Amino acid sequence: MKLQQRSLVGELRIPGDKSISHRAVMFGSIAEGKTTVSGFLPGEDCLSTISCFRKLGVRIEQQGEEVTIYGKGLEGLQEPAEVLDVGNSGTTIRLMMGILANVPFHCTLIGDASIGNRPMKRVTDPLRSMGVKIDGRADGQYTPLSIRGGSTKAIAYHSPVASAQVKSAVLLAGLRADGVTSVTEPEKSRDHTERMLAAFGCEVKSEGVTATISGGTLRATHVQVPGDISSAAFFLVAGAIVPNSKLTLKQVGLNPTRTGILEVLKQMGANIIISNINEEAFEPYGDITIETSALHGVEIGGELIPRLIDEIPVLALAATQAEGITVIKDAAELKVKETNRIDTVVKELTKMGARIEATDDGMIIYGKSSLCGASVDSHGDHRIGMMLAVASCIASGETILEQAEAVAVSYPNFFEQLNELSEESPR
């Protein structure tokens, strides 16, 4: 795909939150009754979740952003006649393992090449300690994974990583466990599972970095999915670094465990206004306006990292346009995403002229750099692809983006919206 320099002006509606869309389908499938979902993200990852639950016998109707799920309860799930293919979705495979821990039949879980390289023992280990039978490549470290659930026992699990996927898998496995199941993290990860379980009528207690569940039955409800702040991040950074730009992003999720991107951009000096905030929904949301800003370098690390881990690639791009040095640390988790995002960010931005170097747990970016067009590659990683597309907006000359199709995993109409905003901009 060929891309080039542009300015961006206008307003847009960000697609539905991927994390919430996944959970809406999953929880609706194991709830009793008919669940309706509005604002669903029809990206490839979330469609993989729908496909897997259909194979488990759940009737799901999906028309664009509207989804209806005829829940069967945990006891109503059926042993699938074929393997469950999660595609590129780490959320699907890890949360499904927690759900399948409760059912007394056999399932095999597979995914694409990226999933095959992502660590699964962070989930299989605690589930095994709850009594779930799991086998897989390298003793359950990698897919394919074979799982047979049934009778689970409650545990108090101390996770070595702050991961919403690990936390969610253990909490979901605790739905039918005998006793109280808890997960304690080093820092608090995103809390969509806790919020949505409560919306489905299941009590979850959160105190500091510990979440606790005593089991329960889910009851069908309506889920309104807000815009995905991780997807919004690409346009937030674009609005801040592309000359003569001003963007308003409508109805973006403002869950406090996800708003690290806003805090860091404000620390860097970005001109951000948040308006029309709705705090009454189980997931808060509002409108975000951002315009071209003079940015400066900052240090990003510690408890902020779990709240913006998916936004680090595009924050690294923002740092190339900030005066001074930006240090990103405590982010070793980037190495086990769809790609090693430390290496891919450094490699691809360096091609465009950025001064950036990798560290063991992050990167150091020296600003301010003038970027130039180059032949770059998403490496099959949706967030790398979108970051490079934004970089092309400020790069001199033409940029060729290989494997641009990876963006469809989370943002099917990303390039369409990018082009529309460019067309609206003054020439």
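In the predicted model, a single aromatic cluster is formed by Phe234, Phe235, Tyr411, Phe414 and Phe415. The total number of aromatic pairs in the structure is six. One of these joins Phe234 to Phe414 in an edge-to-face arrangement, with 6.5 Å between the ring centres and an angle of 75° between the planes. This pair connects distant parts of the chain, since Phe234 belongs to helix α10 (residues 229-241) and Phe414 to helix α15 (residues 414-424), 180 residues apart. Phe234 has a relative accessible area of 1% and is therefore buried; Phe414, at 0% relative accessibility, is likewise counted as buried.

A further edge-to-face pair is made by Phe235 and Tyr411, whose ring centres lie 6.1 Å apart and whose planes are inclined at 65°. Because Phe235 is located in helix α10 and Tyr411 in the loop between β23 (399-402) and α15, the pair ties together parts of the chain separated by 176 residues in sequence. Phe235 and Tyr411 are both buried.

Members of the aromatic cluster also appear in the largest nonpolar core, which comprises 76 residues. Within this core, the residues that touch the most other members are Phe235, Leu265, Leu349, Met363 and Phe414. Helix α10 supplies the largest share of the core, namely ten residues. When neighbours within four places in sequence are set aside, the contacts of Phe414 are Phe234, Phe235, Met386, Ala389, Val390 and Val407. A second core, separate from the one described above, contains 64 residues, among them Ala31, Ile155, Ala169 and Leu171.

Leu349, one of the core residues that touch the most other members, lies in helix α13 (residues 341-351), where Arg341, Ile342, Thr344, Val345, Val346, Glu348 and Leu349 are buried. In general, residues three or four places apart in an α-helix point the same way, because there are 3.6 residues to a turn. The elements covering the buried residues of α13 include α12 (312-320), β20 (355-359), β21 (362-367), β22 (375-377) and α14 (382-392). At the N-terminal end of α13, Asn340 acts as a cap, with a side-chain oxygen placed 3.1 Å from the backbone nitrogen of Ile342. After α13 comes Gly353, which has a positive phi, near 105°.

Elsewhere in the model, an aromatic ring is associated with a charged side chain: the charged end of Arg59 is positioned over the ring of Tyr70, at 4.0 Å from the ring centre.

Notes
Residues numbered from 1 in each chain as written. Predicted model: local features only at pLDDT ≥ 70, side-chain atom pairs only at ≥ 80, totals over all residues. Heavy atoms only, no water. Phe/Tyr/Trp six-rings, centres within 6.5 Å; stacked < 30°, edge-to-face > 60°. Helix = DSSP H or I, 4+ residues; strand = E, 2+ residues; numbered from the N terminus. Buried < 20%, exposed > 50% of the residue type's maximum accessible area, 1.4 Å probe, protein only. Lys NZ or Arg CZ within 6 Å of the ring centre and 35° of its normal. Core = buried A, V, L, I, M, F, W, Y, C linked by side-chain atoms within 4.5 Å. Contact = heavy atoms within 4.5 Å. Polar contact = N/O pair within 3.5 Å; in protein donor to acceptor, adjacent residues only side chain to side chain.
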